[in-house]
Amino acid sequence: MENKIDHMAREWAEALCLYAGEDQVFLEQFWKALRESGPVYREFIYYLEHRNFLCEYRISGYTIVDIMVWQMDHFKAQLDRGHDDMKQNGDKMLLMAFDTMLKMEKQPEKYVYLMQSETGTDYPEKY
């Protein structure tokens with residue numbers, strides 16, 4: 001039986017996926033991974049309750065905020081190329097940060113490399 005927090009977290013995950021334009025398959029994969037990761041689930045619950053980041057859990061030194069900043073950098077690069085599906089969609093950016101953290105748990109080297117090597121468009125001639 002789900003407890004109250006689990007129920008609220010599931011409803012919020014469903015809402016985030018809806019607002020982000022993600023389908024039921026994405027939701028189910030995200031929810032399963034989230035429930036299997038105690039530390040990321042704790043970060044998710046903390047954000048749900050406080051609308052702020054806990055940043056207690058680190059993967060290779062990176063917190064959820066580090067991931068969010070890295071993704072925002074990529075979001076700006078996408079806008080520069082005319083892709084604006086996340087424009088004004090903070091829910092999608094938040095969801096993708098938690099999803100990336102879940103993936104980073106399984107492949108830390110891959111994401112550390114990406115975070116250290118990929119930058120946005122803050123310098124001339126990037127794209």
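**Figure 1. The C-terminal side of helix α1 in a predicted model.** Helix α1 is followed by glycine 21, whose phi is positive, near 80 degrees. The coordinates shown here belong to a predicted model. Helix α1 itself comprises the 17 residues from 4 to 20. Its end C-alpha atoms lie 24 Å apart, which agrees with the 24 Å expected at 1.5 Å a residue.

**Figure 2. The N-terminal end of helix α1.** Asparagine 3 acts as the cap at this end of α1. A side-chain oxygen of asparagine 3 is placed 3.0 Å from the backbone nitrogen of isoleucine 5.

**Figure 3. The two sides of helix α1.** The buried residues of α1 are Asp6, Ala9, Arg10, Trp12, Ala13, Leu16, Cys17 and Ala20. Because these residues cover an arc of only 165 degrees around the axis, they fall on the same side of α1. An α-helix has 3.6 residues a turn, so residues three or four places apart point the same way. Lys4, Leu18 and Tyr19 are exposed on the other side of α1. The partners against which the buried residues of α1 pack are α2 (24–36), α3 (38–50) and α5 (90–106).

**Figure 4. The surroundings of aspartate 6.** Aspartate 6 belongs to helix α1. Its relative accessibility is 11%, and aspartate 6 therefore counts as buried, the limit being under 20%. When neighbours within four places in sequence are set aside, aspartate 6 is in contact with Trp31, Arg35 and Tyr41.

**Figure 5. The largest nonpolar core.** This core has 36 residues. Phe30, Leu34, Phe44, Leu95, Phe98 and Met104 are those with the most contacts inside it. Two or more residues are given to this core by each of α1, α2, α3, α4 (64–80), α5 and α6 (108–117). Helix α5 supplies the largest share of the core, nine residues. In soluble globular proteins, nonpolar side chains tend to be buried together.

**Figure 6. Phenylalanine 44 and its contacts.** Phenylalanine 44 is among the residues with the most contacts inside the largest nonpolar core. Residues up to four places away in sequence are not counted here; beyond them, phenylalanine 44 touches Ala9, Trp12, Ala13, Leu16, Phe30, Leu34 and Phe98. Of these partners, Ala9, Trp12, Ala13 and Leu16 are included in the buried residues of α1.

**Figure 7. Proline 39 in helix α3.** Proline 39 lies in helix α3 and has a relative accessibility of 34%, so that this residue counts as partly exposed. Not counting residues up to four places away in sequence, proline 39 touches Tyr57 and Glu105. Proline 39 and glutamate 56 are 17 residues apart along the chain, and their C-alpha atoms are separated by 8.4 Å.

**Figure 8. Methionine 72 in helix α4.** Methionine 72 is part of helix α4. With a relative accessible area of 40%, methionine 72 is partly exposed. A distance of 9.5 Å, C-alpha to C-alpha, separates methionine 72 from alanine 97, and the two residues are 25 residues apart in sequence.

**Figure 9. The setting of the close-up views.** The protein contains six helices and zero strands, in the order α-α-α-α-α-α along the sequence. Of its 127 residues, 41% count as buried. Among contacts with a separation of 6 or more, 63% join residues 24 or more positions apart. The protein exposes about 7700 Å², of which carbon and sulfur atoms supply 51%.

Conventions: Residues numbered from 1 in each chain as written. Predicted model: local features only at pLDDT ≥ 70, side-chain atom pairs only at ≥ 80, totals over all residues. Heavy atoms only, no water. Buried < 20%, exposed > 50% of the residue type's maximum accessible area, 1.4 Å probe, protein only. Contact = heavy atoms within 4.5 Å. Areas by Shrake-Rupley, 256 points an atom, 1.4 Å probe, with all protein chains shown as cover. Expected span 1.5 Å × (residues − 1). Arc of directions from axis to C-beta. Polar contact = N/O pair within 3.5 Å; in protein donor to acceptor, adjacent residues only side chain to side chain. Core = buried A, V, L, I, M, F, W, Y, C linked by side-chain atoms within 4.5 Å.
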